[in-house]
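Q: Please take this structure through the terms used to describe it. For each label, I would like to see the value and the rule behind it.

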Amino acid sequence: MSAPEINPIEATYRRLKAAGKDLLKLYSGNPNEQGIHFPGEILQASYSRYFEKQDYFPHPKGLKVARQAISDYYAGQKAEVDPENILLTSGTSESFFYLFSLLTQAGDNVLVPKPAYPLFDSIAELAKIELRHYALREDLAWSIDFADLEAKRDSRSRAVLLVSPNNPTGAVSDLEEISTLVDWANSHDLPLICDEVFSEFFFGEGAFPRPMALTKPKLCFTLNGLSKMLALPGLKLSWIAVTG
Ligand SMILES: Cc1ncc(COP(=O)(O)O)c(C=O)c1O
C-alpha cells in the first residue's frame, strides 16, 4: 500500500521546516499544537463517573442530555435550537460527509469558499459531488466575493458553505455579510451550511455573529464540536444543529 498523500500546504511546511526555516503554522486547526489543552482532571472526573455507572442510553440522534446541553449552550448565546434538531456526530468532518450525502445526488455541487480547509475536497470526492469554490477577497479582509458566488451557482447547486471564523484566513463574517449571504441563499432556496468550529476563537466585540441567531435562513445546518471548542481534537464529538 502506498503512503497516504499529504496535502500540498503541509508538504511545503515539512520541506521548509526540514531546511531549518522558522515557520508559524497559521493553517493549523489543532489547538493542542498551539499549547491549548483541556484540563486533564475534569476529563478524568467525567471518565470515572462513566466507569462507575456505565450508563447506556442509545438514541439515533445521540445522547439526549448531550443534545440538551448543546441546545442550552446556544440559548446562552441567544440562538434557539430544539435538542430534537441536533444530531451528534464523530467529528465535523463526518458532519460534512452526512450533509453532502443528504443534500446532493451524484453530479450536484456545493458552493464553498476559497481558500478553505483542504479536507472538504476529500469529503466531496467520497460523496461523489463537485465543490465549486467561490472567491474570498484578500483585498477586502477576506470577505465573500458575492459576484463570484453568483457566477459559480448553477441549477445543480444544492448548498452554500460559510466558514466563520475561517480557516485559514481567520476572517469572521459580520452581520452585513451574513445578511447578504442569507438573503441570497434564501432567494435561491439554497440551504446554508455554517462551519463554526472556531467560534470560541472569536475575539471581537459582543457575541459571536452566527447566521442562526441573527437572521432567518430557510434551512441552516450549524456545525461545531469539542475538537476546537474545548481543545479536545481526539475526543471526536461534534454536532449538526438544524434550524429554519
Ligand atoms: C474549518 C474546519 N472545519 C472542520 C474541521 C474538522 O473538525 P473535526 O476535528 O471536528 O473533524 C476543521 C479541522 O481542522 C477545520 O479547520
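**Labels and their grounds**

Q: Among contacts in the protein between residues at least 6 apart in sequence, what share joins residues at least 24 apart?
A: The share is 65%. A contact here means that the C-beta atoms of two residues, placed from the backbone, lie within 7 Å.

Q: What kind of model is this, and how are residues numbered?
A: The model is predicted: local features need pLDDT of at least 70 and side-chain atom pairs count only at pLDDT 80 or more, while totals for chains, interfaces and linings use all residues. Numbering starts from 1 along each chain, as its sequence is written.

Q: How do you know whether the radius of gyration agrees with that of a compact globule?
A: The rule for a globule is 2.2 Å times the number of residues to the power 0.38, and the radius is taken over C-alpha atoms. For 244 residues this gives a value near 18 Å; the protein has 19 Å, so the two agree. Along the principal axes, the C-alpha atoms fill a box of roughly 55 × 50 × 45 Å.

Q: What makes a stretch count as a helix or a strand, and how many of each are there?
A: Both are DSSP runs numbered from the N terminus: a helix is H or I over at least four residues, a strand E over at least two. The protein has nine helices and eight strands.

Q: Why is Ile240 called buried?
A: A residue is buried if 20 or more other C-beta atoms lie within 10 Å of its own, exposed if 12 or fewer, and partly exposed in between, with C-beta atoms placed from the backbone. Ile240 has 23 such atoms, so it is buried. Ile240 lies in strand E8 (residues 238-243) and touches Leu87, Thr89, Ser95, Tyr98, Leu99, Phe221 and Leu223, leaving out residues up to four places away in sequence. Ser95 is 145 residues from Ile240 along the chain, yet their C-alpha atoms are separated by 6.5 Å. In the protein, buried residues make up 28% of the 244 residues.

Q: Why are Gln54 and Lys236 given their exposure labels?
A: Gln54 has 7 C-beta neighbours inside 10 Å, so it counts as exposed. Lys236 has 15 and therefore counts as partly exposed. Gln54 is in the loop between helix H2 (40-53) and H3, and Lys236 is in the loop between helix H9 (226-229) and E8. Each is a residue other than glycine with a positive phi, near 50° for Gln54 and near 55° for Lys236.

Q: Is Ala106 buried or exposed, and what makes it so?
A: Ala106 has 8 other C-beta atoms within 10 Å, so it is exposed. Ala106 sits in the loop between H4 and E2. The C-alpha atoms of Ala106 and Asp82, 24 residues apart along the chain, are separated by 31 Å.

Q: How do you know whether the span of helix H4 (residues 92-103) agrees with what is expected?
A: The expected span is 1.5 Å times one less than the number of residues. For the 12 residues of H4 it is 16 Å, and the end C-alpha atoms are 16 Å apart, so the values agree.

Q: Where on H4 do its buried residues fall?
A: The buried residues of H4 are Thr92, Ser95, Phe96, Leu99 and Phe100. Seen down the axis, they fall within an arc of 130°, so they line one face of the helix. The arc is that of the directions from the helix axis to the C-beta atoms. An α-helix has 3.6 residues a turn, so residues three or four places apart point the same way.

Q: Which residues of H3 are buried, and which exposed residues are on the face turned away?
A: Arg67, Ile70 and Ser71 are buried in H3. They fall within an arc of 100° seen down the axis, so they line one face of the helix. Those buried residues pack against strand E1 (86-89) and E8. The face turned away from the buried side carries the exposed residues Val65, Gln68, Ala69, Asp72 and Ala75.

Q: Which residues come nearest to the ligand?
A: Gly29, Gly91, Thr92, Asn167 and Ser227 come nearest, out of 13 residues around the ligand. A residue is near a molecule or strand if its C-beta atom, placed from the backbone, lies within 6 Å of it.
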